[in-house]
Amino acid sequence: MNISQNNTDNLNAIISIELKKEDYLPKVEKAITNAKNTATIKGFRKGHVPAAIIKKMYGNSILLDELNKVVSDALNNYIETEKLNLLGRPLPIPSADIQLDINTPADYTFEYEIGLAPQVKVTALSKQTKVAKEVVTIDDKTLDDEVEKLRERYGKILNPDRAEGEQPQFEKAELNQELFDKVYGPGVVTSVEEFKEKIRKELQDYAEKTAVNKLKESIYLSVMDSTEVSLPAAFLKKFIKASNEKPITEEQVESEYPQFEKGLKWNLITNAIAEEHGVKVEMEDVKNFSKEQLRAQFMMYGGGITDEMIEQFNTSMMSKDDHVRKSYEGALEQKLFDFIESKITIEDKSITFDELINKKEN
């Protein structure tokens, strides 16, 4: 067996695997023997089917299976030994020269097209990189506006039996205990001051979470725009087409590729940052991330859950592979953004709550 690699450029290469008959025939003969011992064919006792019958009936499919195993093992071992950093997976190059016939074994050459990951140098991790962080303070006007919206929402219609086409007439709810209980539950707040303070805190929490998400987006765009990443586009488009469960057209591939490229580029950038600066995620980080995500979900549905209950539920969820994988990815992303944020310059930018909402809607 001979394996060689021909680089067409820095991002594309072809791996050739040359097989001699002696590389695969012993495995084929062993597979035929195994099939002879286990096959159930009418007219023969189990284990007594002649090898010639097996060879005649199943020889070519057995040959194909064993060739696939030998070639797959050789390809994977070569990639591992040569420490090739691939994008996607190797794509077989069809060849009309390969004719499989169990009765006339031959030497074969199999070729695979591969896409090579580029070297990525992230230069944006310096104080020269400046990103704005929006800071919102909930002023009295914003608070009063929100109070009025709640009074309208929980008010009553004065003309429920209005004629068709007649505009409804509303009466705002009074700013009293009845409204407080409707909004937050019985007895949670008991005065106008408490009511307003709770609304202010909710608005402030919302503004801060929105600002954090917008900061992440700004960091992402800044790092992406300033980092050059060359990709083997033609190969990746072939990979997209080959990887789809259902056939897709060239037009669909072209439509999907830009988003695929963005995701791949960001993945290469974050991998480069993590490797160069030793950003790692420990299992404790994964557990804590999972726990906070679960806590946030419960809070969306009104809370009412203790730390002990969160711990028990988190222990249960951490036994599920898919949840652990997603939590790992989330914890790693969080660590990477925290690391990037610590290396660049974050400039506070004061905006109003209305500006924040309008930007979010746009």
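1. **H8 against H10.** In this predicted model, helix H8 (residues 283-300) and helix H10 (residues 321-343) cross at roughly 100°, and their axes come within 8 Å. An angle from 65 to 115 degrees counts as roughly perpendicular, and H8 and H10 are therefore roughly perpendicular to each other. On the H8 side, the residues in contact are Asp285, Val286, Phe289 and Ser290. H10 answers with His323, Val324, Ser327, Tyr328, Gly330, Ala331, Gln334 and Lys335. Sorted by class, this contact of H8 with H10 has 5 nonpolar, 5 polar and 2 charged residues.

2. **Gln293, also on H8.** If you follow H8 along, you get to Gln293, which sits in that helix. Gln293 is partly exposed, with 40% relative accessible area. Try the C-alpha to C-alpha distance from Gln293 to Ala331: you should get 10 Å, for two residues 38 apart in sequence. Ala331 is one of the H10 residues in the contact with H8.

3. **H3 against H5.** Here is another pair of helices to look at. Helix H3 (residues 140-153) packs on H5 at an angle of about 110°, and the axes are 10 Å apart. That angle makes H3 roughly perpendicular to H5. H3 brings Asp140, Thr142, Leu143, Asp144, Glu146, Val147 and Leu150 to the contact. From H5 come Phe195, Lys196, Ile199, Arg200 and Leu203. The class count for H3 with H5 is 6 nonpolar, 1 polar and 5 charged residues.

4. **The buried side of H6.** Which residues of helix H6 (residues 233-243) are buried? They are Phe235, Leu236, Phe239 and Ile240. These four cover an arc of only 140° around the axis, so they lie on the same side of H6. The spacing fits a general rule: an α-helix has 3.6 residues a turn, so residues three or four places apart point the same way. As for what covers the buried residues of H6, the list includes strand E2 (12-19), strand E3 (86-92), strand E4 (108-116) and helix H7 (250-277).

5. **Asn12, on one of those strands.** Asn12 is found in strand E2. Is Asn12 buried or exposed? At a relative accessible area of 17%, Asn12 is buried, given that the cut-off for buried is under 20%. Leaving out residues up to four places away in sequence, Asn12 touches Asn7, Ile114, Leu116, Pro232 and Phe235. You have met Phe235 already, among the buried residues of H6.

6. **Aromatic pairs.** How many aromatic pairs does a search of the whole structure find? The search turns up 10. One of them is Tyr108 with Phe110: the ring centres are 6.2 Å apart and the planes are at 45°, so this pair is tilted. Tyr108 is buried at 5% relative accessible area, and Phe110 is buried too, at 17%. Add Tyr24 and you have one aromatic cluster, formed by Tyr24, Tyr108 and Phe110.

7. **Tyr220 with Trp266.** The rings of Tyr220 and Trp266 have centres 4.9 Å apart and planes at 70°, so the pair is edge-to-face; the cut-off for that label is over 60 degrees. Tyr220 lies in helix H5 (residues 192-226) and Trp266 in helix H7, so the pair ties together parts that are 46 residues apart in sequence. Tyr220 is partly exposed, with a relative accessible area of 23%, whereas Trp266 counts as buried at 14%.

8. **Two loop residues to click on.** Where is Asp161? Look in the loop between strand E6 (156-157) and strand E7 (170-171). Asp161 is exposed, with a relative accessible area of 77%. The C-alpha atoms of Asp161 and Pro105 are separated by 90 Å, with their positions 56 residues apart along the chain. Then there is Lys83, in the loop between helix H2 (51-81) and E3. The phi angle of Lys83 is near 55°, a positive value in a residue other than glycine. Lys83 counts as exposed, at 72% relative accessibility.

Terms used. Residues numbered from 1 in each chain as written. Predicted model: local features only at pLDDT ≥ 70, side-chain atom pairs only at ≥ 80, totals over all residues. Heavy atoms only, no water. Axes fitted to C-alpha atoms, helices over the stretch in contact; angles between N-to-C directions. Parallel < 35°, antiparallel > 145°, perpendicular 65-115°, else oblique. Contact = heavy atoms within 4.5 Å. Nonpolar A, V, L, I, M, F, W, Y, C, P; charged D, E, K, R; others polar. Buried < 20%, exposed > 50% of the residue type's maximum accessible area, 1.4 Å probe, protein only. Arc of directions from axis to C-beta. Phe/Tyr/Trp six-rings, centres within 6.5 Å; stacked < 30°, edge-to-face > 60°.
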